[in-house]
Amino acid sequence: MSTTVPSYEDDVKPLFNQRDRGSMLSQFDLWSYDDVSSNADAILQAVSRGTMPCYGQWPAEQVDLLRRWVEGGKPV
Ligand code: HEM
């Protein structure tokens with residue numbers, strides 16, 4: 001398993017598609033570093049529990065990537 005901390009621009013942002021972004025835009029912008037960074041705990045909790053996205057649970061690898069980004073200090 002990689003020990004490199006993922007970055008928002010290269011690794012995390014591409015996890016959110018246009019539908020995800022549009023659905024959540026009233027609360028936060030998933031394509032904005034500042035918004036995802038400041039809502040990271042709620043976002044991680046939602047994808048870990050599988051309550052988000054609404055159309056189906058993320059694969060474990062995607063959840064792990066997001067978790068490593070949060071725990072790694074949320075680099076841009
Ligand atoms: C990976 C993509 C997404 C993420 C990270 C995400 C994240 C979140 C978070 C953190 C909340 C607030 C806390 C919660 O209720 O769990 C939320 C609420 C909500 N999301 Fe998403 N979301 C995503 C995609 C979507 C999609 C595709 C839909 C489909 C319409 C959707 C619909 C909603 C709705 C309706 C709520 C309000 C739930 C309520 O408060 O009762 N989300 N989402």
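Before you click anything, one term: a residue is exposed when its relative accessible area is over 50%, buried when it is under 20%, and partly exposed in between, using a 1.4 Å probe and protein chains only. You're looking at a predicted model, where local features need pLDDT of at least 70 and side-chain atom pairs count only at pLDDT 80 or more, while totals for chains, interfaces and linings use all residues. Residues are numbered from 1 along each chain as its sequence is written, and side-chain values use heavy atoms, with hydrogens and water left out.

**Stop 1: the whole chain**

Show the cartoon. You get five helices and zero strands, in the order α-α-α-α-α from the N terminus. (Helices here are DSSP runs of H or I with at least four residues, strands are E runs of at least two, and numbering starts at the N terminus.) The radius of gyration is 11 Å, close to the 11 Å from the globule rule for 76 residues, so the protein is as compact as a globular protein of that length. That radius is taken over C-alpha atoms, and the rule is 2.2 Å times the number of residues to the power 0.38. Along the principal axes, the C-alpha atoms fill a box of roughly 35 × 25 × 20 Å. Of the 76 residues, 34% count as buried.

**Stop 2: the iron**

Now select the ligand and zoom in on its iron atom. Which protein atoms are its donors? They are the SD atoms of M24 and M52, lying 2.2 to 2.3 Å from the iron. Donors are N, O and S atoms within 2.8 Å of the metal (3.2 Å for Na, K and Ca); water is not among the atoms, so sites may look incomplete.

M24 lies in helix α2 (residues 18–24) and M52 in the loop between α4 (40–49) and α5 (60–71), so the pair ties together parts that are 28 residues apart in sequence. Color the two by accessibility: M24 counts as buried at 16%, whereas M52 counts as partly exposed at 36%.

Measure the angles among the six donor atoms and you'll find 83 to 180 degrees, an octahedral site. The octahedral label asks for six donors with opposite ones over 155 degrees apart and all others between 65 and 115.

**Stop 3: the ligand shell**

Expand the selection around the ligand to 4 Å, heavy atoms of the residues, which is the cut-off for being near a molecule. You pick up 17 residues, the closest being D20, S23, M24, M52 and C54. Both α2 and α4 supply at least two residues each, and α4 gives the most, with four.

**Stop 4: backbone oddities**

Stay at M52 and step to P53, in the loop between α4 and α5. A cis peptide bond joins M52 and P53, with omega about -5 degrees. Next, jump to K74, in the segment after α5. Its phi is near 55 degrees, a positive value in a residue other than glycine. K74 counts as partly exposed, at 23% relative accessibility. Why flag these spots? Most residues other than glycine have a negative phi, and most peptide bonds are trans.

**Stop 5: two outward-facing picks**

Select Q18 in helix α2. Buried or exposed? Q18 is exposed, with a relative accessible area of 65%. Draw a C-alpha to C-alpha line from Q18 to W31: 9.1 Å in space, 13 residues apart in sequence.

Finish at D41 in helix α4, which is exposed too, at 61%. The C-alpha atoms of D41 and W69 are 11 Å apart, with their positions 28 residues apart in sequence numbering.

Conventions
Four donors count as tetrahedral if all angles lie between 85 and 135 degrees; four count as square planar and six as octahedral if opposite donors are over 155 degrees apart and all others between 65 and 115; anything else is irregular.
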